[in-house]
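Open the structure in your viewer and keep the sequence panel visible. The stops below tell you what to select and what is there.

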Amino acid sequence: MKEGVEVTGIDVAGGRVQGVLTSAGEVATRLLLYCAGAWSSSIGRMAGLEIPVLPYRRHIAVTGAFPAVPRTNPMTVDFQTSLHFHPEGDGVLIGMSDRAEARGYATDVNWDFLEKMFEQAARRAPALAGAGIKTAWAGLYESTPDHQAILGPLPEVEGFWCAAGFSGHGFMQAPAAALLLAQLLLDQNSEIDISTFAFSRFAKGALVHERNVI
Ligand SMILES: Cc1cc2nc3c(=O)[nH]c(=O)nc-3n(C[C@H](O)[C@H](O)[C@H](O)COP(=O)(O)OP(=O)(O)OC[C@H]3O[C@@H](n4cnc5c(N)ncnc54)[C@H](O)[C@@H]3O)c2cc1C
């Protein structure tokens with residue numbers, strides 16, 4: 001692995017991967033496993049593939065010490081609005097999706113939206129009415145049409161493997177996804193069948209909707 005090196009192209013010939021072009025030169029390889037998160041569609045296009053992963057900004061804010069929400073409080077989600085919160089240190093972590101925001105790569109904090117998020121938090125959980133922001137940040141969800149990851153080889157281009165499109169739950173799924181993909185690559189079999197996550201599900205219309213993405 002090389003950090004700080006950009007993939008700028010993929011050499012495909014004879015229907016299979018032959019190499020990767022990077023900002024540090026060309027790497028000859030017949031196997032490429034790409035895991036480019038929110039940037040996955042641009043990597044796919046380098047190999048002539050339309051991979052449906054779109055970037056959406058998502059915010060998190062953390063309060064200062066907030067005893068009204070004790071550390072025993074469970075993660076709480078309001079699926080109607082996507083507002084969610086849980087204890088974080090001696091404070092509270094609060095998040096909510098801005099469903100009106102178009103896709104894009106911006107990751108600066110939209111403070112106007114955070115204001116709306118805190119208003120919603122106070123409506124849903126009045127104890128949060130006095131909460132103030134200690135720190136806040138934004139990052140990108142990498143969303144597929146059914147909010148499920150794309151895992152495994154893409155038969156359209158031999159040697160092109162994918163582990164991307166985790167749609168906002170990649171931390172949770174990464175350990176299992178990495179193990180099962182390694183098994184599939186090395187042994188041609190994985191202890192859990194992951195074929196429902198195959199890229200081909202989009203062409204077949206066999207989507208597996210994850211409805212609890214917030
Ligand atoms: C606010 C927020 C809260 C979240 N909360 C949770 C949570 O509670 N639980 C959970 O499970 N998940 C959560 N997630 C989702 C989780 O962060 C992602 O699903 C996960 O980080 C995706 O990992 P990844 O490795 O697929 O992509 P990334 O971590 O995005 O990594 C992709 C990498 O590819 C690199 N890259 C892109 N293009 C190129 C190129 N051309 N050349 C070289 N490198 C390239 C990028 O620089 C990046 O380092 C949250 C996300 C956000 C934004």
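**First stop: strands 4 and 11**

Select strand 4 and strand 11: the two run parallel and are joined by 3 bridges. The model you are looking at is predicted. Within this pair, pick Leu33 and then Trp161 in strand 11, which is the bridge partner of Leu33.

Now add strand 10 to the selection. Together the 3 strands make an open sheet in the order 4-11-10, with mixed pairing. Strand 4 and strand 10 are at the edges with a single partner strand each, so one side of each has no neighbour in the sheet. On average, neighbouring strands here are turned by 20° against each other, direction ignored.

Next, show helix 3, residues 170–187, which packs on this sheet. Helix 3 touches strand 4, strand 10 and strand 11, and its direction makes about 165° with that of strand 11.

**Second stop: the hairpin**

Hide strand 4 and keep residues 150–153 (strand 10) and residues 160–164 (strand 11). These two strands run antiparallel and are joined by 4 bridges. Ile150 stands opposite Ala164 in strand 11. Strand 10 and strand 11 form a hairpin, with 6 residues between them. Select Gly159 in the turn, where phi is positive, about 85°.

**Third stop: Tyr34**

Bring strand 4 (residues 32–34) back and select Tyr34, which is found in this strand. Is Tyr34 buried or exposed? The relative accessible area of Tyr34 is 4%, and a residue counts as buried under 20%, so Tyr34 is buried.

Which residues is Tyr34 in contact with, leaving aside its neighbours within four places in sequence? They are Ser40, Ile43, Ile51, Phe160, Trp161, Cys162, Ala163 and Ala164. Then draw a distance from the C-alpha of Tyr34 to the C-alpha of Leu151: it reads 10.0 Å, while the two residues are 117 apart in sequence.

**Fourth stop: the five-stranded sheet**

Clear the selection and show strands 5 to 9. They form an open sheet of 5 strands in the order 6-7-8-5-9, with antiparallel pairing. Strand 6 (76–78) and strand 9 (133–143) are the edge strands; each has a single partner strand, so one side of each is left without a neighbour in the sheet. Neighbouring strands of this sheet are turned by 20° against each other on average, direction ignored.

For a detail, select residues 83–88 (strand 7) and residues 91–96 (strand 8), which pair in the antiparallel sense over 5 bridges. His86 stands opposite Leu93 in strand 8.

Add helix 2, residues 111–124, which packs on the sheet. Helix 2 touches strand 5 (54–63), strand 6, strand 7, strand 8 and strand 9. The direction of helix 2 makes about 110° with that of strand 8.

**Last stop: the ligand**

Select the ligand and show what lies around it. How many residues surround the ligand? There are 20, and the closest are Val7, Glu142, Gly170, Phe171 and Met172.

Zoom in on three backbone contacts:

- Val7: a backbone N or O atom lies 2.8 Å from a nitrogen atom of the ligand.
- Phe171: a backbone N or O atom lies 3.0 Å from an oxygen atom of the ligand.
- Met172: a polar backbone atom is 2.8 Å from an oxygen atom of the ligand.

Finally, turn on a surface. On its own the ligand has 1000 Å² of accessible area, and the protein covers 64% of that.

Key: Residues numbered from 1 in each chain as written. Predicted model: local features only at pLDDT ≥ 70, side-chain atom pairs only at ≥ 80, totals over all residues. Heavy atoms only, no water. Pairing = 2+ DSSP bridges. Axes fitted to C-alpha atoms, helices over the stretch in contact; angles between N-to-C directions. Contact = heavy atoms within 4.5 Å. Near = heavy atom within 4 Å. Polar contact = N/O pair within 3.5 Å; in protein donor to acceptor, adjacent residues only side chain to side chain. Areas by Shrake-Rupley, 256 points an atom, 1.4 Å probe, with all protein chains shown as cover. Buried < 20%, exposed > 50% of the residue type's maximum accessible area, 1.4 Å probe, protein only.
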